[in-house]
Amino acid sequence: MSLLVVGSVAFDALESPYGKVDRIIGGAATYFAVAASFFSRVNLVAIVGDDFTALDAQIFKGRPIDTVGLERAEGKSFFWAGRYSENLNERVTLTTELNVFAQFQPKLPETYRSSKYVFLANIAPDLQRSVLQQVRVRPKLVALDTMNYWIERTPDELRETLKHVDILMINDSETRQLSSEHNLLRAARHIFKMGPSALVIKRGEYGAMLVDNKGVFCVPAFPLEEPHDPTGAGDSFAGGFMGYLAGCGQKSDASLRRAMVYGSVMGSFAVEQFGPDRLRKLKRSEIHARARHFSKLTQFTL
Ligand code: AMP
């Protein structure tokens, strides 16, 4: 099954207590596509500048990632700089330079317009909606990520886009902000009235929670002794989650639960090294070994 993603392909500058990199390939769609490509074919829609070289594009090569929808424009690629706190739980954005992203008008190549699974990564809600409108038949599953920036600045556009979304994937503070509810279960009920029928709340080192009309399912984050850089963990989680669902072609309760585990598995690899370095070297066998480890991690008898 084909999985479509629209979002940023970027260069990042990252600082954490474990080190610093001045320029490394990043972007939500990059992390998502690489993570999802272990499970499914991925159709990528994004824009880069003329500073994005053939060497940079290597990150997508040798994987089932279609880059026909990766537009090239004159100018610089999206650039983002962030710094993490000592415990890696908080980060400050030091710089956001939209560059070619400022004039981005996503256009879906003809072959992408029949995608059955769609992930709208964190970009302006009206751009997310324009992508959805270009998909010819209602997809089997549409998931969306957003952030405080859009919740605060474009609430009406976000509300409009959410009407067409099945699964909202955001973090706990965004969940509270969007719903004006502190309790996450009450927040979920509030969000269901906006359109989505399921909510995946990403909670960093505390794991992730799926809330839908069947109930609640929680998955831990994989315990790591030395996480290095949390950048892209949420997008890699989304890539594992959506990639797994597109790969198996189902959305039963059991498959949604397994998707949560594969999401957490991919997020855990993403944080092990700076930028997407760990994901680039990852092998399928390591993914399955870690998924089995998750199964052991959460088993108990009563
Ligand atoms: P995450 O750590 O999951 O929030 O994703 C981090 C990635 O998102 C980085 O690689 C950035 O390049 C990208 N990013 C940061 N801010 C934005 C933004 N406002 N719009 C789109 N992508 C962004």
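## A salt bridge between two loops

Let's start with one pair of side chains. D166 and R138 form a salt bridge, and their closest N and O atoms are 3.0 Å apart. The two partners come from distant parts of the chain, 28 residues apart: D166 sits in the loop between α5 and β11 (167-171), while R138 sits in the loop between α3 and β10. Is D166 buried or exposed? D166 counts as buried, because its relative accessibility is 16% and the cut-off for buried is under 20%. Keep in mind that everything here comes from a predicted model.

## Other salt bridges

How many salt bridges does the structure hold? There are 14. One of them joins E160 to K163, with the closest N and O atoms 2.9 Å apart. E160 is partly exposed, at a relative accessible area of 31%. Its partner K163 counts as exposed, with a relative accessibility of 53%.

Another salt bridge brings together the side chains of R290 and E272, at 2.8 Å from N to O. R290 belongs to helix α11 (residues 284-297) and E272 to the loop between α9 (253-270) and α10 (277-281), so this pair ties together parts that lie 18 residues apart in sequence. Both ends are covered: R290 counts as buried at 12% relative accessibility, and E272 counts as buried at 18%. The pair also has company, as E272, R278, E286 and R290 are linked in a network of salt bridges.

## Around the ligand

Now for the ligand. It is surrounded by 16 residues, and the closest are S8, D12, G27, G232 and D235. Sorted by class, this shell has six nonpolar, seven polar and three charged residues. Which elements each supply at least two residues of the shell? They are β2 (10-16), α1 (28-36), β7 (78-84) and α8 (233-248).

A few polar contacts are worth finding in the 3D view. D12 has a polar side-chain atom 2.4 Å from an oxygen atom of the ligand. R91 also brings a polar side-chain atom to an oxygen atom of the ligand, here at 2.8 Å. With N122, look at the backbone: one of its N or O atoms lies 3.5 Å from a nitrogen atom of the ligand. On its own, the ligand has 500 Å² of accessible area, and the protein covers 87% of that.

## Two helices and what they hide

Helix α1, one of the elements that supply the ligand shell, is mostly covered: nine of its nine residues are buried. Among them are the aromatic-looking names to spot in the sequence, Y31 and F32, along with A28, A29, T30 and V34.

Helix α3 (residues 125-134) also has a buried set, made up of P125, L127, Q128, R129, V131 and L132. What do these buried residues pack against? Their partners are the strands β1 (2-6), β9 (117-120) and β10 (141-144), together with the helices α4 (148-153) and α5 (155-162). An α-helix has 3.6 residues a turn, so residues three or four places apart point the same way.

## S115, a buried serine

S115 lies in the loop between β8 (91-97) and β9. It counts as buried, because its relative accessibility is 1%. Two polar partners can be picked out. The side chains of S115 and N43 are joined by a polar contact of 3.4 Å. A polar atom of the S115 side chain also lies 2.7 Å from the backbone oxygen of Y112.

What does S115 touch beyond its neighbours within four places in sequence? Its contacts there are S2, L4, N43, V135 and P139.

## Two residues with positive phi

Most residues other than glycine have a negative phi. N99 has a positive one, about 50 degrees, although it is not a glycine. This residue lies in the loop between β8 and β9, where S115 is found too. N99 is partly exposed, at a relative accessible area of 27%.

S180 also has a positive phi, about 55 degrees, and it is not a glycine either. You'll find S180 in the loop between α6 (172-179) and α7 (184-192). Buried or exposed? S180 is exposed, with a relative accessible area of 66%.

Key: Residues numbered from 1 in each chain as written. Predicted model: local features only at pLDDT ≥ 70, side-chain atom pairs only at ≥ 80, totals over all residues. Heavy atoms only, no water. Buried < 20%, exposed > 50% of the residue type's maximum accessible area, 1.4 Å probe, protein only. Helix = DSSP H or I, 4+ residues; strand = E, 2+ residues; numbered from the N terminus. Contact = heavy atoms within 4.5 Å. Polar contact = N/O pair within 3.5 Å; in protein donor to acceptor, adjacent residues only side chain to side chain. Near = heavy atom within 4 Å. Areas by Shrake-Rupley, 256 points an atom, 1.4 Å probe, with all protein chains shown as cover. Nonpolar A, V, L, I, M, F, W, Y, C, P; charged D, E, K, R; others polar. Salt bridge = Lys/Arg side-chain N within 4 Å of Asp/Glu carboxyl O.
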